[in-house]
Amino acid sequence: MSAPKAIIQVVIAGAQILGKSFAAAGRQAYKNAQHRPQGGVMGDAAGVSHATSGSVTDRLTREHKMTMDEARLILNVKRGDATENILRNYEHLFKANSPPPPPEKPTTGRVKSPFWSHYLQSKVVRAKERIEAEAKLALEAEAEAGKASETTSEGGGRPPPQS
């Protein structure tokens, strides 16, 4: 077998292999594009599509487009953390993602500005708003429960005696 003929056969075999692999990759990409996770909605925030029961918590989830779990993850707080801890984490993340203040004196040469993200900053704000809305809801529920217990304890829960 001559050298040019062998080179041509190697090139043809390589092209066939490459073509088959591109075809398989294309088929897999098409399958991936068609796949929708169970219960998932394209372009929707995580968990928001499941908030359909009409409860107050679901209304808050739809309104803020963020679940409580997502808000806690963003602010790096746990379920029972104090308000001070939540505010401290919020302030830190808000400042970390704020644009730098303008320089006092113009400098010559190129100065590297720190990274900041308006998107992340807005997510931090929305997470704080979501947690505050849930806390406000809990306070209102406690106040109503307190009023209900006062009215039942005053009258004893029984009608007044008849004379």
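Which residues in helix 3 are buried? I start my entries with that one. I note that this is a predicted model.

**Helix 3**

I find Met68, Glu70, Ala71, Arg72 and Leu75 buried in helix 3. The helix covers residues 68–75. Two of the buried residues, Glu70 and Arg72, caught my eye, and I followed Arg72. Its relative accessible area is 13%. The cut-off for buried is under 20%, so Arg72 falls in that class.

I then looked up the contacts of Arg72. Neighbours within four places in sequence are left aside; Val77, Lys78, Arg79 and Ile131 remain.

What does the side chain of Arg72 meet in a salt bridge? I find Asp69, at 3.0 Å from N to O. Both residues lie in helix 3, three residues apart, about one turn of the helix. An α-helix has 3.6 residues a turn, so residues three or four places apart point the same way. Asp69 is partly exposed, with 47% relative accessibility, whereas Arg72 is buried.

**After helix 3**

Asn76 follows helix 3. I checked its phi: positive, about 55 degrees, although Asn76 is not a glycine. I place Asn76 in the loop between helix 3 and helix 4. Is Asn76 buried or exposed? At 62% relative accessibility I log Asn76 as exposed, because the cut-off is over 50%.

**The aromatic pair**

I searched for aromatic pairs and the structure holds one. Tyr90 and Phe94 form it, 5.7 Å centre to centre, with 35 degrees between the planes. I enter the pair as tilted. Both residues sit in helix 4 (residues 83–96), four residues apart, about one turn of the helix.

I looked up the accessibility of each partner. Tyr90 is buried, at 14%. Phe94 is partly exposed, at 30%.

Which residue has its charged end over the ring of Tyr90? I find Lys128, 4.7 Å from the ring centre.

**Helix 5**

Lys128 took me to helix 5, which spans residues 118–155. Besides sitting over the Tyr90 ring, Lys128 meets Glu132 in a salt bridge, 3.2 Å from N to O. The two lie four residues apart in helix 5, about one turn of the helix. I log Lys128 as buried, at 18% relative accessibility. Glu132 is partly exposed, at 40%.

I also checked Glu134 and Arg130. Their side chains meet in a salt bridge at 2.5 Å, N to O. They are four residues apart in helix 5, so about one helical turn separates them. Both are buried.

How many salt bridges does the structure hold? I count five. Among them are Asp69 with Arg72, Lys128 with Glu132 and Glu134 with Arg130.

Next I turned to the surface. Phe115, Tyr119 and Leu120 make a nonpolar patch of about 380 Å². Tyr119 lies in helix 5 and counts as exposed, at 55% relative accessibility.

**The whole chain**

I closed with the totals. The chain has five helices and zero strands. From the N terminus the order reads α-α-α-α-α. Of its 163 residues, 18% count as buried. The chain exposes about 13,300 Å², and carbon and sulfur atoms supply 59% of that area. I also looked at contacts between residues at least 6 apart in sequence: 51% join residues at least 24 apart.

Key: Residues are numbered from 1 along each chain as its sequence is written. This is a predicted model: local features need pLDDT of at least 70, side-chain atom pairs count only at pLDDT 80 or more; totals for chains, interfaces and linings use all residues. Side-chain values use heavy atoms; hydrogens and water are left out. Buried means under 20% relative accessible area, exposed over 50%, partly exposed in between (1.4 Å probe, protein chains only). Contact means heavy atoms within 4.5 Å. Accessible areas come from the Shrake-Rupley method with a 1.4 Å probe; for residues, only the protein chains shown count as cover. Rings of Phe, Tyr and Trp (its six-membered ring) pair if their centres lie within 6.5 Å; planes under 30 degrees apart count as stacked, over 60 as edge-to-face and the rest as tilted. A charge sits over a ring if NZ of Lys or CZ of Arg is within 6 Å of the ring centre and within 35 degrees of the ring normal. Patches are made of residues with over 30% relative accessible area and no salt bridge: like charges are joined within 9 Å, nonpolar side chains (Val, Leu, Ile, Met, Phe, Trp, Tyr) within 5 Å. A salt bridge is a side-chain nitrogen of Lys or Arg within 4 Å of a carboxyl oxygen of Asp or Glu.
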